[in-house]
Amino acid sequence: QLHSKDYKTAEGMRGKRVLVVGFGNTACDLATELSTIADKVYSSARRGFWITPKYIFGRPADVVNLPFAKYVPPAVQSISLTGMLWMMQGSISKYGLPAPGHLALRTHPATCEGYLPAIKAGRITVKSGIDRFDGGLRVRFKDGSVEEIDTILWCTGFKFTFPFLPPELTPVMTGPMQLFRRIVMPEHDRLYFMGFAKTLSAITPVAEGQAEWVADLIEGRTRLPARAGMDREIAQDERLISSRYSATPKLTVELDVYRYLKQLERDRARKLRVAGSARTDRPVIPTQGRPENQAATPTARGRR
């Protein structure tokens with residue numbers, strides 16, 4: 001057994017019967033890659049997600065999506081993408097996968113090009129969730145089937161921890177983040193957390209926007225609102241995120257990337273109207289924490 005963080009190459013899986021547990025980007029990508037070299041690949045998924053392509057009209061999907069998100073309300077985006085995926089793929093359940101009980105974009109979709117074709121070609125066999133282990137790596141699934149497995153690859157996600165910070169300096173990571181602009185704890189406003197974002201785009205534009213925003217604070221070109229103002233905006237952001245995305249453990253880092261980047265731009269644009277000077281002695285601690293796998297397996301712990 002190993003966690004996806006420990007996976008380096010498919011070569012060690014040649015000729016083996018591999019079970020990939022999970023249904024996110026990593027699980028779909030690794031199952032697809034292993035299907036070209038392993039003797040048999042099983043994909044176990046407990047609940048359904050939409051699967052989106054990495055390219056639309058020959059261009060990266062996030063490049064196409066960002067201008068679309070600029071002018072189209074989120075509800076219309078969800079309906080439009082759901083309809084497009086139905087036309088492209090039909091029902092996910094026809095591949096043996098659990099059907100998602102929500103519109104596209106209500107949770108973060110799995111983005112993969114080759115996963116569904118590999119299922120259709122018979123290179124990946126879809127299984128339901130794991131019921132139990134019947135000794136060794138004999139796996140019994142919830143549908144009653146049993147398979148002998150050589151290797152289990154856990155792609156079941158992570159949780160964030162900060163073992164290097166005391167509890168009072170640790171943000172809430174088990175629900176919506178209590179961070180102003182996903183960066184600042186109102187009660188400790190000289191400590192910055194950067195890179196906590198799960199978006200439909202690449203992380204780079206978000207990280208760059210956050211870095212520029214923090215740099216303005218450090219250089220005194222702008223300053224934070226009063227504590228009450230930060231608390232009010234945090235609550236408003238949480239309501240908007242909760243109304244757009246279904247409640248899942250990953251809701252803590254979900255972002256509407258276009259709206260978020262516009263927020264950062266507006267904050268920076270207000271710098272010329274800031275009265276007085278801001279503190280310039282703010283230390284920066286950019287970090288993404290040390291994640292630990294959520295799966296109930298003692299061998300799958302680590303970081304990414």
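**Entry 1: overall make-up**

I began with burial across the whole chain, and found that buried residues make up 46% of the 304 residues in the protein. I note here that this is a predicted model, so I read every value below as computed from it. Next I looked up the secondary structure, which comes to seven helices and 16 strands. I also looked at contacts between residues with a separation of 6 or more, and of these, 69% are accounted for by residues 24 or more positions apart.

**Entry 2: the open sheet**

In which order do the five strands of the open sheet lie? I found the order 1-12-2-3-8, with parallel pairing. Strand 1 and strand 8 are the edge strands, each of them pairing on one side only.

I then followed strand 12, residues 151-154, and its partners. With strand 1, which covers residues 2-3, strand 12 is joined in parallel by two bridges, and here I wrote down that His3 has Trp154 as its bridge partner. With strand 2, residues 17-21, strand 12 pairs over four bridges, again in the parallel sense, and on this side Val21 stands opposite Trp154.

Are the residues on the two faces of strand 12 buried or exposed? I found Thr151 and Leu153 on one side and Ile152 and Trp154 on the other, and all four are buried, which leaves both faces of the strand covered.

**Entry 3: Ser4, just after strand 1**

I looked up Ser4 next, and placed it in the loop between strand 1 and strand 2. Its relative accessible area is 14%, and because the cut-off for buried is under 20%, I count Ser4 as buried. Leaving aside neighbours within four places in sequence, I listed its contacts as Thr26, Leu30, Leu153, Trp154, Cys155 and Phe158. Two of the names in that list, Leu153 and Trp154, I had already met in strand 12.

**Entry 4: nonpolar cores**

Which residues touch the most other members of the largest nonpolar core? The core has 31 residues, and the ones I was after are Val20, Leu34, Leu97 and Tyr115. Strand 2, helix 1 (25-34), helix 4 (115-120) and strand 8 (124-127) each supply at least two residues of this core, and the largest share, five residues, comes from helix 1.

I chose Val20 for a closer look. Not counting residues up to four places away in sequence, Val20 touches Ala27, Ala31, Leu34, Val41, Tyr42, Ser43, Ser44, Leu153 and Cys155. Apart from the largest core I found another, of 18 residues, among them Trp213, Val214, Tyr260 and Leu261.

**Entry 5: cavities**

I turned from packed atoms to empty space. Rolling a probe the size of a water molecule over the atoms shows where such space is left. The count I obtained is three cavities of 30 Å³ or more, and I kept to the second largest, which has a volume of about 80 Å³.

What lines the second largest cavity? I found eleven residues, of which Asn65, Leu200, Arg244, Asp256 and Val257 lie nearest its centre. By kind, the lining divides into six nonpolar, three polar and two charged residues. Helix 2 (61-71) and helix 7 (257-269) each supply at least two residues of this lining.

**Entry 6: Leu103**

I went back to the loops and found Leu103 between helix 3 (74-89) and strand 7 (110-111). Its relative accessible area is 39%, and because partly exposed covers the range between 20% and 50%, I put Leu103 in that class. Its contacts, leaving aside neighbours within four places in sequence, are Trp50, Ser78, Ile79 and Thr82. I also looked up the separation of the C-alpha atoms of Leu103 and Gln77, which are 26 residues apart along the chain, and it is 9.8 Å.

**Entry 7: two arginines with positive phi**

Most residues other than glycine have a negative phi, and with that in mind I looked for exceptions. Arg181 has a positive phi of about 55° although it is not a glycine, and for Arg182 the value is near 65°, also positive. Arg181 is in the loop between strand 13 (158-161) and strand 14 (184-185), and Arg182 lies in the loop between strand 13 and strand 14 as well.

Are these arginines buried or exposed? Arg181 has 5% relative accessibility and counts as buried, and Arg182, at 10%, counts as buried too.

Key: Residues are numbered from 1 along each chain as its sequence is written. This is a predicted model: local features need pLDDT of at least 70, side-chain atom pairs count only at pLDDT 80 or more; totals for chains, interfaces and linings use all residues. Side-chain values use heavy atoms; hydrogens and water are left out. Buried means under 20% relative accessible area, exposed over 50%, partly exposed in between (1.4 Å probe, protein chains only). Two strands pair if DSSP finds at least two bridges between them. On a 1 Å grid over the protein atoms alone, a cavity is a set of points where a 1.4 Å probe fits but cannot get out, and a pocket is an open set with protein on both sides within 12 Å along at least five of seven lines; lining residues have an atom within 4 Å of a point. Grid points are joined across faces, edges and corners, and a volume is the space filled by probe spheres set on the points. Ala, Val, Leu, Ile, Met, Phe, Trp, Tyr, Cys and Pro count as nonpolar, Asp, Glu, Lys and Arg as charged, and the others, Gly among them, as polar. A nonpolar core is a set of buried Ala, Val, Leu, Ile, Met, Phe, Trp, Tyr and Cys residues joined through side-chain atoms within 4.5 Å. Contact means heavy atoms within 4.5 Å.
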